[in-house]
Amino acid sequence: MSRTPGVILERRSTIVTPSPTAEKRSIRARPLHEAVVDGLRDMIIEGELRVGDRLHEINLAETLHVSRTPLREAIKLLATEGLVDLLPGRGARVAVQSADTISELLEVIAGIERHASELAAQRMTTRELSKLQRMHDRMADYHQARDLHEYFKLNNEIHLAVVAAAKNSILETTHAALILKARRGRYAALGSQARWTEAMAEHDLLMKAFAERDGLKAGAIMFQHDLRTREVVAQFLKISEGQ
């Protein structure tokens, strides 16, 4: 199902009651804990749960088709990612991410992914490159179909795969922790159709650089790609703050 782009990063506090007509999320096909975390994370990143919204456990458990116990564990984990604020004795709410925090995160990620792309261009195997190309082709299909939900999920996997192909465990661990915290901002950038199309074109160029095994070129493309995302998020936040 294609989803409409757009996300709101700041909003006054409300108590969320999922719409009875909203699409039910089925998570039974995956390990329960992992699926609850991913499902709730997606709801926050994609704007189904907005900044400041209270997390109503009963309604969320019904929406995700789980009991409240794994839901509470998921909320605690998402608090460590900076997506949720725990309120002692009052439950939890979707956390505010300041413009400065998101900007700093994306700036650091840009540097990490540039270096990772330089290394990956030289170190990835032919098999890894072929797999990355297949992922890229699927992502292009999602872009063509305007399926932002699936596009963003695969885009995130591609960024992780590029860093993994650098074959530096410290780089990979550091990147994995940071990109989780930046996902809400990165998703917001794709709310612009122009930026979404631009980002897809940048990924096309990146794959060509990988195919040529040109590390410096790949690193430069990835760096500018990430900084452009940072710029678009900053513009979005300025507009939001002006309202």
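Buried means under 20% relative accessible area, exposed over 50%, and partly exposed in between, computed with a 1.4 Å probe on protein chains only. The structure is a predicted model, in which local features need pLDDT of at least 70 and side-chain atom pairs count only at pLDDT 80 or more, while totals for chains, interfaces and linings use all residues. Residues are numbered from 1 along each chain as its sequence is written, and side-chain values use heavy atoms, with hydrogens and water left out.

**View 1. Lys76 and Glu73 form a salt bridge in helix 3.** A salt bridge is a side-chain nitrogen of Lys or Arg within 4 Å of a carboxyl oxygen of Asp or Glu; the closest N and O atoms of this pair are 3.8 Å apart. Helices are DSSP runs of H or I with at least four residues, numbered from the N terminus. Helix 3 covers residues 68-80, and the two partners are three residues apart in it, so about one helical turn separates them. Lys76 is partly exposed, with a relative accessible area of 48%. Glu73 is also partly exposed, at 38% relative accessibility. A search of the whole structure finds 14 salt bridges.

**View 2. Glu128 forms a salt bridge with Lys167.** Here the closest N and O atoms are 2.7 Å apart. The pair links distant parts of the chain, 39 residues apart: Glu128 belongs to helix 5 (residues 126-144), and Lys167 to the loop between helix 6 and helix 7 (169-189). Lys167 follows just after helix 6 and takes a positive phi of about 55°. Glu128 has a relative accessible area of 32% and is partly exposed; Lys167, at 44%, is partly exposed.

**View 3. Arg228 and Glu231 form a salt bridge within helix 9.** Their closest N and O atoms are 3.1 Å apart. Both lie in helix 9 (residues 215-242), three residues apart, about one turn of the helix. Salt bridges that share partners join Arg195, Glu198, Glu202, Arg228 and Glu231 into one network.

**View 4. Helix 6 spans residues 148-165.** The expected span of a helix is 1.5 Å times one less than its number of residues. For the 18 residues of helix 6 this gives 26 Å, and the end C-alpha atoms are 25 Å apart, which agrees. Among the buried residues of helix 6 are Leu148, Tyr151, Asn155, Ile158 and Val162.

**View 5. The largest nonpolar core has 27 residues.** A nonpolar core is a set of buried Ala, Val, Leu, Ile, Met, Phe, Trp, Tyr and Cys residues joined through side-chain atoms within 4.5 Å. Residues with the most contacts inside this core include Met124, Leu132, Tyr151, Ile158 and Phe210. Helix 4 (99-123), helix 5, helix 6, helix 8 (193-211) and helix 9 each supply at least two of its residues. A second, separate core of 20 residues includes Val37, Leu55, Leu60 and Val66.

**View 6. The largest cavity holds about 140 Å³ of space.** A cavity is a set of points, on a 1 Å grid over the protein atoms alone, where a 1.4 Å probe fits but cannot get out; lining residues have an atom within 4 Å of a point. Of the 14 lining residues, the closest to the centre are Asn155, Arg186, Leu190, His225 and Thr229. Helix 6 gives the largest share of the lining, four residues.

Methods:
1 Å grid on protein atoms, 1.4 Å probe; cavity = no way out; pocket = protein on both sides within 12 Å on 5 of 7 lines; lining within 4 Å. Points joined across faces, edges and corners; volume = space filled by probe spheres on them.
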